[in-house]
Amino acid sequence: HAGNLVLGYLSGVPTVCMQGRLHFYEGHPAWLVTMPIRMMKLIGVETLIVTNASGGLNQDYNSGDIMVIKDHINLTGLTGQHPLVGPNDEKFGPRFPAMTTPYDPELRRLAQETAKELGFSGFMREGVYVKVSGPSYETPSESRLLRKIGADTVGMSTAPEVVVAIHAGMKVLGFSMVTNVVILKQDSDKTPPTHQEVMDTANKRAKDLQLLVKTIVGKLASTLKATESAATPAAAMLHKEKEN
Ligand SMILES: O=P(O)(O)O[C@@H]1C[C@H](O)[C@@H](CO)O1
Ligand SMILES: Nc1nc2[nH]cnc2c(=O)[nH]1
């Protein structure tokens, strides 16, 4: 995880990009892991696009697949390491935020449509991500448990950041890249996952995911421009009425 914060323009849109994130397994508390999201909110970020590397619990998934996250299970949050524990800062959002639709349906639709246009349909998925603490990978019994509770992929990040973004009123789109297919059977002769395998697969698919994100941001920019020009006459009219 490079640990760089890159500021610039992506498809003409002012963008903050985190090259690597903080993880709970590195020893950081949940509030600190998610602090960059609040920093982004404070400088005006409205839409968060999160990516992660994950293990494919769904055995139909292949290494290298990209899953649009439709929902998550914040397992560590449910069991006490929740990023919003502590005094609530009303400046960001309410004490008890709803998490009914954390991943914006319109952004998910746009992501799938864009992936199709780019010829990526063969490796696109949509499913549920479960966040665990790590740093160890799962035992087969743990993996079967996670599959049974409804998860398609498992990883060590993302859900806490998304919870904090939703609390702060941001829109979220998430991609989970399957870097290894999880072993569900005991005493399997399949090769266990390694961090090297995770990085190698992520690097092989990185260009595709970068192009997907860049194209989606470009489309969002043109939507914003269309909304601005549509809004301008209304704003001008209002101004004129006041003058009269
Ligand atoms: O930051 P993400 O969730 O993409 O990183 C995952 C979790 C671990 O750091 C690593 C596991 O190999 O990849
Ligand atoms: N917990 C977990 N995180 C991952 N990140 C990439 N692959 C995996 C995996 O199999 N399990």
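This section describes the strands, helices, ligand surroundings and selected loop residues of a predicted model.

At the centre of the description stands a closed barrel of five strands, which runs in the order β3-β6-β5-β4-β7 and shows mixed pairing. Neighbouring strands of this sheet are turned against each other by 50° on average, when direction is ignored. Helix α6, formed by residues 159-167, packs on the sheet and touches β3, β4 (66-74), β5 and β7, its direction making about 80° with that of β4. Within the barrel, β5 (residues 124-131) and β6 run parallel and are joined by three bridges. At the level of single residues, Lys131 stands opposite Gly155 in β6.

A further pair of strands is found towards the start of the chain, where β1 (residues 4-10) and β2 (residues 13-19) run antiparallel and are joined by seven bridges. These two strands form a hairpin with two residues between them, and Ser11, which belongs to the turn, has a positive phi of about 50°. Leu5 has Met18 in β2 as its bridge partner. Gly3 is placed in the segment before β1, and it counts as exposed because it has 9 C-beta neighbours inside 10 Å, where 12 or fewer is the criterion. Although Gly3 and Arg21 are 18 residues apart in sequence, their C-alpha atoms are 6.4 Å apart in space. When neighbours within four places in sequence are left aside, Gly3 is in contact with Gln19 and Gly20.

The surroundings of the two ligands were examined next. The residues around ligand 1 are Arg21, His23, Asn52, Ala53, Gly155, Met156, Ser157, His195 and Val198. To this shell, β3 and α7 (195-243) each supply at least two residues. By residue type, the shell around ligand 1 divides into three nonpolar residues, five polar residues and one charged residue. Around ligand 2 there are 15 residues, of which Ala53, Gly55, Val154, Gly155 and Val198 come nearest. The elements that give two or more residues to this second shell are β3 (47-56), β6 (153-155) and β7 (171-181). Among the contributing elements, β3 gives the most to the shell around ligand 2, with three residues. The residues of the shell around ligand 2 divide into eight nonpolar, six polar and one charged. Ala53, Gly155 and Val198 appear both in the list for ligand 1 and in the nearest group for ligand 2.

Helix α4 comprises 13 residues and reaches 18 Å from its first C-alpha to its last, which is close to the 18 Å expected at 1.5 Å a residue. The helix is followed by Gly119, a residue whose phi is positive, near 80°. Gly93 is found before this helix, in the loop between α3 (75-78) and α4 (105-117). With 18 C-beta neighbours inside 10 Å, Gly93 counts as partly exposed, because this number lies between the limit of 12 or fewer for an exposed residue and that of 20 or more for a buried one. The C-alpha atoms of Gly93 and His72, which are 21 residues apart along the chain, are separated by 20 Å. Apart from its neighbours within four places in sequence, Gly93 is in contact with His167, Ala168 and Gly169.

Several other loop residues have backbone geometry that can be noted individually. The peptide bond from Gly134 to Pro135 is cis, with omega near 5°, and Pro135 lies in the loop between β5 and α5 (140-148). Thr158, placed in the loop between β6 and α6, has a phi near 70°, a positive value in a residue other than glycine. Thr158 is buried, because 24 other C-beta atoms lie within 10 Å and the criterion is 20 or more. Asp187 likewise has a positive phi, of about 55°, although it is not a glycine, and Asp187 lies in the loop between β7 and α7. In contrast to the buried Thr158, Asp187 counts as exposed, because it has 6 C-beta neighbours inside 10 Å, where 12 or fewer is the criterion.

Technical notes: Residues are numbered from 1 along each chain as its sequence is written. Chains are lettered from A and ligands numbered from 1 in the order in which they are written. This is a predicted model: local features need pLDDT of at least 70, side-chain atom pairs count only at pLDDT 80 or more; totals for chains, interfaces and linings use all residues. Helices (H or I, at least four residues) and strands (E, at least two) are DSSP runs, numbered from the N terminus. Two residues are in contact if their C-beta atoms, placed from the backbone, lie within 7 Å. A residue is near a molecule or strand if its C-beta atom, placed from the backbone, lies within 6 Å of it. Ala, Val, Leu, Ile, Met, Phe, Trp, Tyr, Cys and Pro count as nonpolar, Asp, Glu, Lys and Arg as charged, and the others, Gly among them, as polar. The expected span of a helix is 1.5 Å times one less than its number of residues. Two strands pair if DSSP finds at least two bridges between them. Axes are lines fitted to C-alpha atoms, for helices over the stretch in contact, and angles run from 0 to 180 degrees between N-to-C directions.
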